[in-house]
Amino acid sequence: MQTLYLMSLGCNKNLVDSEIMLGRLKNYKIIDDASKADVIIINTCGFIQSAKQESIRAILELDQMRKNGALLIVTGCLMQRYAKELMATLPEVDLFAGVGDYAKIDELIAKRQNSDFSAPTFLQTRDERVITGSNYHAFIKISEGCNQKCAFCAIPSFKGRLKSRSLDDIIVEVKNLVKRGYYDFSFIGQDTSSYLLDQGQKNGLISLIDEIERIPGVKIARILYLYPSSTSPELIERIAQSKVFANYFDMPIQHISTNMLKIMRRNSSQSTIKSLLAQMRAIKNSFLRTGVIVGHPGESQADFNELCEFLENFNFDRITAFAYSRENDTPAYDMPQLPSKTINARLKSISKITQKATQTSFKNLLGKRVKIALNGPSSEGEFFYGAKLLEWDREIDGEILINDSQILDLKAGGIYECQISEFLAPNLIGQITASL
């Protein structure tokens, strides 16, 4: 049996695509040592400059370590976005594939044939995946592409317009994963709150929630990447009423200044964003995550100060702050750019706010008994188990270190009651008190 090494870069949407490729390549033995692999696949990210640099660096490093005769394949968003340039400048690569080729990667390898890059989008149907990284949690991609026209974002230029996946296909996939022991699901897309709008259905996510709730064995779920202009009060209320979907709200606002929302072409007003967030925050046991961009063209010091003040006062559980990245094929590319020194200073300043928000959220759990999902050995080594609050998303929301248990024979993927005892930055520490 030939061996395969796959490196998946970028977001969890890329991870789903990588898992689909692994499903198509079941005749290969998956290994974690690239130097011994017969086939090496790199699923690249092409979203922002730092991600592009990481992808190029990974390609060159893996080329250097591969054994004689190993096949090096590059696919993913960076490849789709810069196909001609990369094919002309990367002679190290044996085979190039685009984002529309995930379900036929086995055919391209068998034929040693480059993609023609004619399909800008791969819309998953009922493709069987090899889930990686967890034995109980899976990401479920519900759409591809995006209809939004944010000034800073190049995704629509190479991913195309919104294409929603069939609700029936999603249901079949979740049911099959439940049969395999998975019970925790995160539903993802570039703009999840626009799901089914391309098929003329408003509030398509409510239909998805209704159907997922009917599947026995789904114990917890959440929706990521809500977009302010396509998130309705009705959707928020439906999530709040759900017995399966956590009160987990992930809505990147990118900014709060009225001036910047217009420049960024966010298609949402400050008052709308604040109203939606207030509705989310008012829900019992709600968890709010957001993302912002600092240093976008046109951002004055007053705009930045307004953003910082809002983030400090609103009480988010998690905030991710990104430095603006100048990208080709975006309206912001031709706008007057802020000095990199200014952008870096603002990012450093706002990082204090993001860290404080996380720490406050963690400290609010001290002394409480919570439900956790056990991941297995922790990131801190074999002396701790690693776990997440059941409602949290996988990996991004933090880790609970388990240093003691009243239950024997703990199992990865098990659900337990945990007493949170300490906060030792950046982690919480707890003791398992019961099996659930």
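So, the barrel: in this predicted model, 5 strands close up in the order β14-β15-β16-β18-β17, with mixed pairing. From one strand to the next, the twist averages 55°.

Let me zoom in on one pair from that barrel. Strand β17 covers residues 415–424, strand β18 covers residues 427–435, and the two run antiparallel, joined by 8 bridges. If you'd like a spot to click on, try Glu417, which sits opposite Ala434 in β18. And as a quick reminder for everyone, strands of a sheet pair through backbone hydrogen bonds, either parallel or antiparallel.

While you're at that part of the chain, have a look at Cys418. Is Cys418 buried or exposed? With 0% relative accessibility, Cys418 counts as buried.

That brings me to the cysteines. How many disulfides do we count? The answer is 0. Take Cys150 as an example: the closest cysteine sulfur belongs to Cys153, and it lies 6.2 Å from the sulfur of Cys150. A disulfide needs the two sulfurs within 2.5 Å, so that pair is too far apart for a bond. Cys150 is buried as well, at 8% relative accessible area.

Now let's step back to the whole chain. Which domains is the protein divided into? We have domain 1 at 3–111, domain 2 at 137–364 and domain 3 at 368–435. Our strand pair, β17 with residues 415–424 and β18 with residues 427–435, falls within the bounds of domain 3, 368–435. Finally, taken over C-alpha atoms, the centres of domain 1 and domain 3 are separated by 34 Å.

Thanks, everyone, happy to chat!

Definitions and conventions: Residues are numbered from 1 along each chain as its sequence is written. This is a predicted model: local features need pLDDT of at least 70, side-chain atom pairs count only at pLDDT 80 or more; totals for chains, interfaces and linings use all residues. Side-chain values use heavy atoms; hydrogens and water are left out. Two strands pair if DSSP finds at least two bridges between them. Helices (H or I, at least four residues) and strands (E, at least two) are DSSP runs, numbered from the N terminus. Axes are lines fitted to C-alpha atoms, for helices over the stretch in contact, and angles run from 0 to 180 degrees between N-to-C directions. Domain bounds come from an automatic or database domain assignment. Buried means under 20% relative accessible area, exposed over 50%, partly exposed in between (1.4 Å probe, protein chains only).
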